[in-house]
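This report describes the fold of one protein chain, one helix pair and two backbone positions. The sequence and the structure come first.

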Amino acid sequence: MLLTYQKFDRIIKKYTPKDWVVEYLPGPGHFSVGTADPHSGKIHIPYRDSVEVLLIFLHEVAHIKYRHIQACNQAEWYQEYVAERWAYSVAIKEKIEVSEYRLRVLKAYVRRRYRRYLTVCKLYGIEPKRKATPGQLNWMGLEE
Ligand SMILES: [Zn+2]
């Protein structure tokens, strides 16, 4: 189903957490970047009514919903994993068509974060506190 401007708007309204506001980043040049700032209560997303921006928005909402942004001590890769999975599941529930390409981009992002996590742990000679489960590795397209 085509993502219309009305549908885009409806989903933004429906999923914006209570006491938060959404602001659009001005002009071009803000590719694939979203932020959620707990101090101002603002979610910033690029100004484009596209599936990509909707996924960026839902990703930020997940960080708020799962309380990642308020002093969370979970491994960063895991927070990103949770946010991407939730954003994707909402998109499916709302019948937003997510392309294979977009899904690969999501997975590649989490995979990069996970690899970086393992590299940093190794660098400092510490045991990774949260290693991916076989199901998570499989989702990321990695093998043990
Ligand atoms: Zn994130």
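The text below goes from the whole chain to a helix pair and then to two loop residues.

**Overall fold**

The model is predicted. The protein contains five helices and three strands. Read from the N terminus, its elements follow the order α-β-β-β-α-α-α-α. The C-alpha trace spans about 50 × 35 × 30 Å along the principal axes of the protein. For 144 residues, a compact globule would have a radius of gyration near 15 Å, and the 16 Å of the protein agrees with that. Of the 144 residues, 25% count as buried. Among contacts in the protein with a separation of 6 or more, 57% come from residues 24 or more positions apart.

**The pair α3 and α4**

Helix α4 covers residues 100-123, and α3 covers residues 76-93. The two helices pack with their axes 8 Å apart and at an angle of about 170 degrees. Because angles over 145 degrees count as roughly antiparallel, α3 is roughly antiparallel to α4. The crossing in which α3 passes α4 is left-handed.

On the side of α3, the residues that meet α4 are E76, W77, E80, Y81, E84 and Y88. Their counterparts in α4 are L106, Y109, V110, R113, Y114 and Y117. By class, this contact of α3 with α4 has eight nonpolar and four charged residues, and no polar ones.

**Two residues with positive phi**

Most residues other than glycine have a negative phi. Two loop residues depart from this sign. Phi of D19 is near 70 degrees, a positive value in a residue that is not glycine. R67, also a residue other than glycine, has a positive phi near 55 degrees.

D19 lies in the loop between α1 (5-15) and β1 (21-25). R67 is placed in the loop between α2 (51-65) and α3 (76-93), and α3 is also a member of the helix pair described above.

Are these residues buried or exposed? A residue counts as exposed if 12 or fewer other C-beta atoms lie within 10 Å of its own. D19 has 7 other C-beta atoms within 10 Å and is therefore exposed. R67 has 12 such atoms within 10 Å, so R67 is exposed too.

The values for both residues are collected here.

| Residue | Phi | Other C-beta atoms within 10 Å |
|---|---|---|
| D19 | near 70 degrees | 7 atoms within 10 Å |
| R67 | near 55 degrees | 12 atoms within 10 Å |

Definitions and conventions. Residues are numbered from 1 along each chain as its sequence is written. This is a predicted model: local features need pLDDT of at least 70, side-chain atom pairs count only at pLDDT 80 or more; totals for chains, interfaces and linings use all residues. Helices (H or I, at least four residues) and strands (E, at least two) are DSSP runs, numbered from the N terminus. A residue is buried if 20 or more other C-beta atoms lie within 10 Å of its own, exposed if 12 or fewer, and partly exposed in between; C-beta atoms are placed from the backbone. The radius of gyration is taken over C-alpha atoms; the globule rule is 2.2 Å times the number of residues to the power 0.38. Two residues are in contact if their C-beta atoms, placed from the backbone, lie within 7 Å. Axes are lines fitted to C-alpha atoms, for helices over the stretch in contact, and angles run from 0 to 180 degrees between N-to-C directions. Angles under 35 degrees count as roughly parallel, over 145 as roughly antiparallel, 65 to 115 as roughly perpendicular and the rest as oblique. A crossing is left-handed if the near helix is turned anticlockwise from the far one by less than a right angle, and right-handed if clockwise. Ala, Val, Leu, Ile, Met, Phe, Trp, Tyr, Cys and Pro count as nonpolar, Asp, Glu, Lys and Arg as charged, and the others, Gly among them, as polar.
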